[in-house]
Amino acid sequence: MVERHTAENTLRALDLERFFAPASVAIIGASVTEGSPAAGMTKFMLKWADQAANPTIYLVNPNRETIAGLPCYKSMDDVPVPVDLCAILVNDIFPAVEAAIRNRSHYAIVF
């Protein structure tokens, strides 16, 4: 007879405030390239940040020094603090998710 072990289904405490009202947001794949979906989402998120609780924004793009007057980090490994939320705007999501995990980001959204 095969013995089956099941994990108890319990919810861990979640800090949903960090998700819905993050104090810091990293935009991985931030862009201003006209016509690209990432540029539209970057513009939208920067506008949202101005209207929301004004979170600290970390733009991640290895090909740019700045976007919209904000500095760009080459990778999430260069972002100096864990962020509350990562917005992932790149096609190859797995390295971006792994970088968010290394950064100890609390949440990530893949667009």
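Buried here means under 20% relative accessible area. Keep that in mind as you colour this predicted model by accessibility: buried residues make up 34% of the 111 residues in the protein chain.

Next, switch on the surface. The accessible area of the protein chain is about 7,700 Å², and carbon and sulfur atoms hold 55% of it.

Now go to cartoon view and walk from the N terminus. You'll pass three helices and six strands, laid out as α-β-α-β-β-β-β-α-β. If you like contact maps, pull one up here: among contacts in the protein chain with a separation of 6 or more, 49% link residues 24 or more positions apart.

Time to look inside. Select V25, I27, A30, M45, I57, L59 and I67: these have the most contacts inside the largest nonpolar core, a set of 15 residues. Which elements give two or more residues to this core? Highlight β1 (24-28), α2 (37-51), β2 (56-60) and β5 (85-88) to see them. The helix α2 gives the largest share, with four residues.

Stay in that core and centre on I57. Leaving aside residues up to four places away in sequence, I57 touches V25, I27, L46, A49 and L70. Show those side chains as sticks and you have the I57 neighbourhood on screen.

Last stop: select I28, M76, C86 and I88. They are among the twelve residues of a second core, separate from the one you just left. Give the two cores their own colours, and you'll have 15 residues in the largest one and twelve in the second.

Technical notes. Residues are numbered from 1 along each chain as its sequence is written. This is a predicted model: local features need pLDDT of at least 70, side-chain atom pairs count only at pLDDT 80 or more; totals for chains, interfaces and linings use all residues. Side-chain values use heavy atoms; hydrogens and water are left out. Buried means under 20% relative accessible area, exposed over 50%, partly exposed in between (1.4 Å probe, protein chains only). Contact means heavy atoms within 4.5 Å. Accessible areas come from the Shrake-Rupley method with a 1.4 Å probe; for residues, only the protein chains shown count as cover. A nonpolar core is a set of buried Ala, Val, Leu, Ile, Met, Phe, Trp, Tyr and Cys residues joined through side-chain atoms within 4.5 Å.
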